[in-house]
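Subject: Structure handover

Hi,

Here is the structure I promised to pass on to you. Please have it open in your viewer while you read the notes underneath.

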Amino acid sequence: MLISRDTLSMISPFRQFISGTTPHIATLVLILLCVTGSLPAAANNRKALRVGIFPNKPIVYYEDSAQGLFVDILNYTAEKEGWNLEYIPCDLEECFELIREKKLDIIPALEKNSERLEFLSFSQEPVWTFWETIYTHKLKINTLFDLQNKRIGVVRKSSTSEALQNLLADLGIQAHYVFFGDNPAAIAALHRNEVDAVAINNTFGFSEQRVSDIYQTSIVFNPSSAYFAMHKAGPHADILPTVDKYTRDLKSAKGSLFEQFQQKWFSEKQRYWTAKRISALGILLLLVVALPMAFWRYRSLLHVNRQLTESISRCREIEIGQNDLLGDMGERIKELHCMYAVAELIRKQKSMQETHRELVALLPPAWQYPEITCARLTFHDQEWISEPFAETQWKQSAGIIIHGTPCGAVEVFYLEEQPPRDEGPFLKEERDLIDGIARSISEFNELNIVREKQDLLLHAIDQAYESVILTDLKGDVQYTNPAFEKLTGYRREEILGENPRLLKSGKHNAVFYKQMWNDLLQKGAWHGHLINRKKDGSLFEEDATITAVHNDQGQVTNFVAMKRDVTREVSLEKQLRQAGKMEAIGTLAGGIAHDFNNILAAILGYGEMAKDQLPADEPARQDIVQLLKAGNRAAELVKQILAFSRQTEIQFTPIHIQSIVKEAFKLLQSSLPATIRIEQHIDSECRQVLADPTQIHQVLLNLCTNARHAMRNDCGTLTVTLSEILITDADSLFQSARLETGTYLDLQIRDTGCGINAATLDKIFDPFFTTKKTGEGTGLGLSVIHGIIRQHKGEITVRSRVGEGTVFHVYLPVINGDVGNSTPVRIENIPAGHEHILLVDDEPAIIDLLQRMLHNLGYTTTAFGNGRDALNHYKRNQDNFDLLITDMTMPEMTGITLAKEVLQLHPDFPVILCSGFSETMTNEQAIAIGIKKFILKPILKHRLANAVREVLDNG
């Protein structure tokens, strides 16, 4: 049988009294005590409970015996229910281990947490509520931020430890945690200076303050309650409802264990000489002092009694005040719990929808009549309500304000009228509570709106096409968007903390960058063009705007750069300039072609007639042959100029390039030195292209001749490759806007020669540009090739490095299917005739030449130097002529006008139109007018004979 310390103190005076009586009476009393003492032993069927006692003074602890509020409640319950209690001291971890092994039945003074709820059942009635508090004794700690880098002692696996770590982590405060098995161990470490502060509940801390020099800081957090707990699978799980019943009874009873506990531990610190002790001392003195002193002692005792009475009255007043304070704290604890729950909910940073939905459910339990309380939260056009809900006249509300504008409200309603308590249906504290909640939710929503705008801005920057870079004042990168990664090839992790100078290409000198920084620091912004280098070493060009970022005080804190990749635009601009130069040369070519061809026509025509009149062994005949060769080279030069300017008509036919490549290389092999090796990689499966075979042959010969000249030491390798390639929009290899997506033939001519430097590479397609010595070339070869490839709707590119050789790529669009080869077969002959021909040309030499050619062929001619005279003569002699041959460009009346006038008179009359050059007239256009044939000068004898005979014979 367990006897409390207070019981023993009551028995001791009685035992002294018995010892002074007669032996018979003492014997009788001892017999009674033995009998009563043996009764519990006989009650073998009483329930036996093993209780774990861990140190958590003053609510539960063990000093010679189990003590504390929880022990008093258990003793009271056991006495009422007839239980046998066995108290087993252990620290908290040992208690958990024992109850898991079912060597304990119950543990008092435990807080609930998720880990404990897995294997423990808790009483429903909270026995004691306390706050977690920071205590120290040497350091000055006033706020949470004073805990930065401090050593803090906490109880292992407790809610205090978890709550403190989460709270400091949310505030970004770094602290060093030292874990202990229980509160006394943490306090002992504090006294040994092993920690700077401890986090313990304020109940234990208050008791510790009474006996040591620690003090309570102003840091209070995590309100929680302590309960009785038993193992879920224990044999006595049914006793918790019984403990709950007696706990509720004791709470409501006047002068109960709860009030005694509160007075003992939390009233003002009592003096050692209390009223009871002084009374006991007075009684003892009365027994010891002699009778002569009785009267004097009597008066002294009266005086002492008066003082004791006053002290007792003061103690009762303090006790009543403390009870009122405890009652008020009991009412306010609901509001504190509500505010803490709201703060915890906001701290989790959920969405506004989730936060509003969960917050409205926290409100009703915090009001004085929770069973009839409902709540509503409105924000913009949405509302959230608790269940059940009804809008009544008993209402309390506070507005939600965002940036000074009302956006909603927090409202609390009573579903029915209640008698006013204290200040009315709603307490002042409840009004303060709803105002505080409204302010908290206003701040939360305002922060979320700002965060959503920031997220939107960040998403916009992340998805922007332009590169965005943010740097600090030193230029070190703090942020880049995905467009920067895609452009440069550097991942964000690689560039953060680095300086953008790693993108330098070497194309800008130090003066350029110095001017950039001067503009940034003086004007706050810089705009310009940059050539930078990607991670893979390739160059790219970008338009950049760099701006200084200022804070609220106007100080520059960062730099932000907005960059746009203009590599393709620069390439197109170069091509446009190239096209402009070609157009200018084309205009020049067109201007001189007519007159030049007239001159060549006279030279070649008279030379050909002179050659025919001389015998084969005449030396002058060989001179004329050389003259004709020179004239033909001049004619070919004019054709190249016109091809370059795209002024000549090309006969496109479906062909396989493979055969042309092989034919061209057969001719090349005989002209190349044996030290130059030729390699061919021809894909025989390549499809057809629509092209002029002669011009493709010319392209091949020109490119290979250039390659031969590049290998100056007559040693190296000339490689030709033919394959198909698919070009897409995403292919960065092709920067030309002329190449549409599709399949192309890729004809590569590669040499291992000296290579081309960058300055020359930009000009190689310019007309008349050449690096050859005088007499070695005209500079028209590559420009003519460029014009030919463009006419074929293709593209030509070149890559070269000095000392590493050069590779040309010719891209020609393939055609689907094999439509065969329709290249016409030409039969060279010189037919004659006897018809009468009307000749018109403003050049006397050309008139004379044509007349002599036609007379030699058997024709009769009548010639005029202008169209007007020729038309008048024709009108008077229409039946005398069989054919009209007229120059196109003449003064007074053009050949086209003359032809139209003649055709009005005789629509089927045959007409041949001649021209040294025309930008607008083609054979198809001439035929559309009614002209039978359009030929370009110079006109040689066999061409003229074939044309005349073809027109006359075909009507």
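Below is what turned up on the disulfide, the cysteines and the cavities. Please keep in mind that this is a predicted model.

Disulfide and cysteines

How many disulfides does a search of the whole structure find? The search gives one. The bond runs between C90 and C95, with an S to S distance of 2.0 Å. Its handedness follows from the geometry: the torsion about the S-S bond of C90 and C95 is about 85 degrees, so this disulfide is right-handed. As for the surroundings, C90 and C95 are both buried.

Two other cysteines may be worth a look while you are there. C338 has a relative accessible area of 4%, and C914 has one of 3%. Buried means under 20% relative accessible area, so C338 counts as buried, and C914 does too.

Cavities

Searching the whole structure for cavities of 30 Å³ or more gives two.

The largest cavity has a volume of about 210 Å³. Its lining is made up of 20 residues, and those nearest the centre are N56, L92, E111, N183 and N201. Three elements each give two or more residues to this lining: β5 (107-110), β7 (128-136) and β10 (197-201). Which of the strands provides the largest share of the lining? That is β10, with three residues. Sorted by class, the lining of the largest cavity holds eleven nonpolar residues, alongside five polar and four charged ones.

The second largest cavity has a volume of about 50 Å³. If you would like to select its lining in the viewer, pick A601, I846, L849, L850, K937 and I939. Helix α24, which covers residues 844-856, contributes the most to this lining, with three residues. What is the division by class in the lining of the second largest cavity? Five of the residues are nonpolar, none is polar and one is charged.

To find your way around quickly, you could start at the disulfide between C90 and C95, go on to the largest cavity with N56, L92, E111, N183 and N201 nearest its centre, and finish at helix α24 beside the second largest cavity, where the helix gives three residues to the lining.

Happy to talk it through whenever suits you.

Best wishes

Terms used. Residues numbered from 1 in each chain as written. Predicted model: local features only at pLDDT ≥ 70, side-chain atom pairs only at ≥ 80, totals over all residues. Heavy atoms only, no water. Disulfide = S-S within 2.5 Å. Buried < 20%, exposed > 50% of the residue type's maximum accessible area, 1.4 Å probe, protein only. 1 Å grid on protein atoms, 1.4 Å probe; cavity = no way out; pocket = protein on both sides within 12 Å on 5 of 7 lines; lining within 4 Å. Points joined across faces, edges and corners; volume = space filled by probe spheres on them. Helix = DSSP H or I, 4+ residues; strand = E, 2+ residues; numbered from the N terminus. Nonpolar A, V, L, I, M, F, W, Y, C, P; charged D, E, K, R; others polar.
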